[in-house]
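Trainee: Could you please take me closely through one part of this model, beginning with a helix and what surrounds it, and then moving outward to the strands and the core?

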Amino acid sequence: MTDLQEPAETAIRQCLAVQPDESCVIVTDDTRQPIGEALYDAAAAVTDDVTIARYPPGDQHGEEPPAPVAAAMAASDVFLAPTTKSISHTRARGDACEAGARGSTLPGITEEVFTTGLDADYENIAAECEAMLEQVADADEVRVTTELGTDITFEIGDRDWRSDTGMVHEPGDFSNLPAGEVFVSPENANGTYVVDGTIDPHGLLGENETVTIEVEDGFVTATDSDELDAMLETAAEEVGQDAYNLAELGIGTNVAVTELVGSVLLDEKAGGTVHIAFGDDAGIGGDVSAPIHQDGIIREPTVYADGEEVELPGGVE
């Protein structure tokens with residue numbers, strides 16, 4: 001058994017619970033081909049109706065995959081997408097789930113994250129998600145602070161909190177893999193958040209390194225990162241102000257992740273962290289479609305739901 005076989009079987013058999021009479025499509029790109037092929041082999045051991053669709057890596061997170069790939073996702077019972085750039089927040093992914101496909105995306109997945117991140121108790125992760133939802137789901141307002149200067153308040157409005165448990169068993173279900181977060185697309189937000197964990201394109205920030213992002217009336221108004229500014233400007237050329245939309249507040253619930261490694265996919269799931277994203281939110285309960293969805297992970301936050309401090313699970317080193 002290769003290093004990739006066991007996590008691939010966990011994804012196919014436990015997380016997605018692929019059945020012999022179901023169709024499954026693996027969506028991957030040129031740089032994630034070994035992971036895509038491992039998932040294909042694991043699926044082929046369960047069902048004869050399995051396809052792999054590979055295309056060149058996208059330029060940024062949230063970019064739509066090619067139309068034939070989107071069509072294959074929508075026509076399948078199950079899809080898994082290990083890709084360099086995230087397609088979680090795309091119309092293709094949303095349309096596939098609306099058509100009844102269940103699936104998981106694995107954006108930015110590396111072989112190391114694949115082998116370690118899928119070595120988890122997903123029933124425990126689901127329980128942690130449920131416990132977190134009990135604390136935040138009915139809140140009108142959520143505030144996040146840190147000693148480094150984060151102080152941002154989210155107005156939830158009529159938006160629903162969602163959970164990413166890794167257990168994707170019903171038609172239309174969707175989750176990231178590796179999994180473990182609850183998240184919401186807020187109706188409004190104001191304040192400052194200071195990223196001291198992981199954020200692309202910087203990766204894992206070093207000691208005393210931070211990225212500060214200002215938010216006013218639900219839009220990013222300033223950052224202190226030239227690289228982020230360039231990405232925002234590129235996305236804004238296509239969709240204007242929507243590129244700056246404050247898209248997501250997420251709370252990590254995977255207590256098995258005890259150290260940030262520089263992978264947004266894994267690090268945003270770490271228990272005891274919060275992540276905040278700007279850009280597209282159409283795939284997570286919002287109404288903004290944009291070719292960008294950029295998460296920033298924040299260590300050691302304090303979270304308040306309608307003024308009551310939230311008990312966060314776990315904690316990273």
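**From the first helix to the core**

Mentor: Helix α1 is followed by Ala17, which has a positive phi, near 50°. The model is predicted: local features need pLDDT of at least 70 and side-chain atom pairs count only at pLDDT 80 or more, whereas totals for chains, interfaces and linings use all residues. Residues are numbered from 1 along each chain as its sequence is written, and side-chain values use heavy atoms, with hydrogens and water left out.

Helix α1 spans residues 5–15, and its buried residues are Pro7, Ala8, Thr10, Ala11, Ile12 and Cys15. Here, helices (H or I, at least four residues) and strands (E, at least two) are DSSP runs numbered from the N terminus. Buried means under 20% relative accessible area, exposed over 50%, and partly exposed in between, with a 1.4 Å probe and protein chains only. Among the elements covering the buried residues of α1 are α2 (33–44), β3, α5 (111–117) and α6 (122–136).

Strand β3 leads us to the sheet. Five strands, in the order β2-β1-β3-β4-β8, form an open sheet with parallel pairing; two strands pair if DSSP finds at least two bridges between them. Its edge strands, β2 (50–55) and β8 (174–176), each pair on one side only. From one strand to the next, the twist averages 15°. At the β8 edge, three bridges join this strand to β4 (residues 102–107), and Gly103 has Phe174 as its bridge partner in β8. Helix α4 (residues 91–98) lies across β3 (78–83), β4 and β8, and runs at about 165° to β3. For such angles, axes are lines fitted to C-alpha atoms, for helices over the stretch in contact, and values run from 0 to 180 degrees between N-to-C directions.

Helix α6, which helps to cover α1, also gives the largest share, six residues, of the largest nonpolar core. That core has 76 residues, and Trp161 and Tyr193 have the most contacts inside it. A nonpolar core is a set of buried Ala, Val, Leu, Ile, Met, Phe, Trp, Tyr and Cys residues joined through side-chain atoms within 4.5 Å. Leaving out residues up to four places away in sequence, Tyr193 touches Val211, Thr212, Ile213 and Val215, among others; contact means heavy atoms within 4.5 Å. A second, separate core of twelve residues includes Ala53, Phe79, Ile87 and Ala96.
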